[in-house]
Amino acid sequence: MSCKFEGDIEKILPKVSAWRRHMHRNPEPSFEEFSTTEYIIENLKNVPGITMERLAETGVVVRLDTGKPGPTIALRADIDALRMPELTEVEFKSQKEGIMHACGHDTHTAMLMGVVHIMAERVEELEGKFVFIFQAAEEDPPGGAQELVAKGVLQGVDAIIGQHNASMGTIGTIELCPGYYMANSDRVDIRIVGKGGHGARPEDAFNPLPAGAQIVNSLYHIIPNTVFAHQAAVLTVTVFQGGTSHNIIPDECKISATVRTYENEVREHIKAKINEVAQGIASIYGVKAEVNYQYGYDALYNTPEYTEAVIETAKEVLGENSVVICKPRMGGEDFAYYLKEVPGCFYHIGFGVENPAERRSAHNSHYIIDEAGFANGLKMMINGAIKFQSIVKASK
């Protein structure tokens, strides 16, 4: 398969860049993407043959029916930004203090807008139906995907494709793996309640800090001592707060952690062990432990057959050496909820600037990407969706 609509892709790149830069200047955090949604609608309203539907308060679903029989493929982009300051020097940097597109969702949205324009204008060369999902709130659990799934966004959809820019990846490459690719991403908060007092009279108090310190230490023993080595898992303590002065024993302290797993059996085991550790140690120290375990996004599982289709597409439109088969990641991604309903694939595509020393990872205030990756992103989404149609037809 040669690259479809390559000329159209090159022609629309200036618009894609302009759309992206507008959204980068005007970022909106999860569940607050009102202006972003209106901007998407405004720039797609004159595209021939499409329909638009608001299934959630923010975000929009665009549908294209070619009028010919064939599979229905969904393509997804997330539209939200992060609550963090931008410290780059780009001329289109965020104009909203404390909010930044530091994960590249502006690039995802702009590319999918370009895909809609091209596929709608070339509809006579396509078949079946396409659903373009501009999804809100990927960054903030419970996220936006679950609501859209519950409201039927995937009704009649045969497969789905999604991509994420890789600011550390080389232009012209993609990264992915079949099977588990992203993890269950859970949060834990533990409140340890004791009895405060004077630092000089510890016998009159129940100090929560020694119990907290012991809990922190013991949490790090759960995985190596109770989880099989072949079952990947991560437990990282990220917060230990308590106390206000050198001579005051506080009433309470707080521990927060993140837990990452793939298999639900391991997820539930670690959850139970965290509670067991916290309660056991608290009882020894005469304090109380309140454990709040919050489920985050479920693990993302790439359908092997469709992952292979993405690999084939990349080799065809980006080059034979464009594919990097990587290890599963411990990050979270609510694209997982689409893949629980229909087969498909999620992958990362290279957007790193030319000098590797200047590259910054996502969720960094100095995060930048090279817009030279736009053409590759459009090629992968358009040609990947068409490739997915061929798989669906072959399976029926």
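## Exercises on backbone, cysteines and helix packing

His-363 is partly exposed, with a relative accessible area of 44%, where buried means under 20%, exposed over 50% and partly exposed in between (1.4 Å probe, protein chains only). The model is predicted, and local features need pLDDT of at least 70, side-chain atom pairs count only at pLDDT 80 or more, while totals for chains, interfaces and linings use all residues. Residues are numbered from 1 along each chain as its sequence is written, and side-chain values use heavy atoms, with hydrogens and water left out.

### Backbone

Find what sign phi takes at His-363 and at Phe-5, and determine whether the peptide bond from Pro-141 to Pro-142 is cis or trans.

Solution. Begin with the general expectation: most residues other than glycine have a negative phi, and most peptide bonds are trans. His-363, although not a glycine, has a positive phi of about 65 degrees, and its place is the loop between strand S16 (344-350) and H9; helices (H or I, at least four residues) and strands (E, at least two) are DSSP runs, numbered from the N terminus. Phe-5 is likewise not a glycine and has a positive phi, near 60 degrees; this residue belongs to the segment before H1 and is buried, because its relative accessibility is 7%. Turning to the peptide bond, the one from Pro-141 to Pro-142 is cis, with omega near 15 degrees, and Pro-142 sits in the loop between strand S4 (129-135) and helix H4 (145-150).

### Cysteines

Establish how many disulfides the model contains, and where the nearest cysteine sulfur lies for Cys-326 and for Cys-345.

Solution. Taking a disulfide as a pair of cysteine sulfur atoms within 2.5 Å, the count comes to 0. For Cys-326, which is in no disulfide, the nearest cysteine sulfur is that of Cys-177, at 5.0 Å. For Cys-345, also in no disulfide, the nearest is again that of Cys-177, at 8.8 Å. As a final step, consider accessibility: Cys-326 counts as buried at 17%, and Cys-345 counts as buried at 0%.

### Two helices

Describe how helices H1 and H9 pack, in angle and axis distance, and which residues meet.

Solution. The axes of helix H1 (residues 6-25) and helix H9 (residues 374-395) are 9 Å apart, and the packing angle is about 120 degrees, where axes are lines fitted to C-alpha atoms, for helices over the stretch in contact, and angles run from 0 to 180 degrees between N-to-C directions. H1 is therefore oblique to H9, since angles under 35 degrees count as roughly parallel, over 145 as roughly antiparallel, 65 to 115 as roughly perpendicular and the rest as oblique. For contact (heavy atoms within 4.5 Å), the H1 residues Glu-6, Ile-9, Glu-10, Ile-12, Leu-13, Val-16, Ser-17 and Arg-20 meet Phe-374, Ala-375, Leu-378, Lys-379 and Ile-382 of H9.

### A histidine in a helix

Decide whether His-117 is buried or exposed, and list which residues it touches.

Solution. His-117 belongs to helix H3 (residues 105-121) and counts as buried, because its relative accessibility is 11%. Leaving aside residues up to four places away in sequence, His-117 touches Ile-12, Trp-19, Asn-43, Leu-44 and Val-47; one of these, Ile-12, is also among the H1 residues that meet H9.
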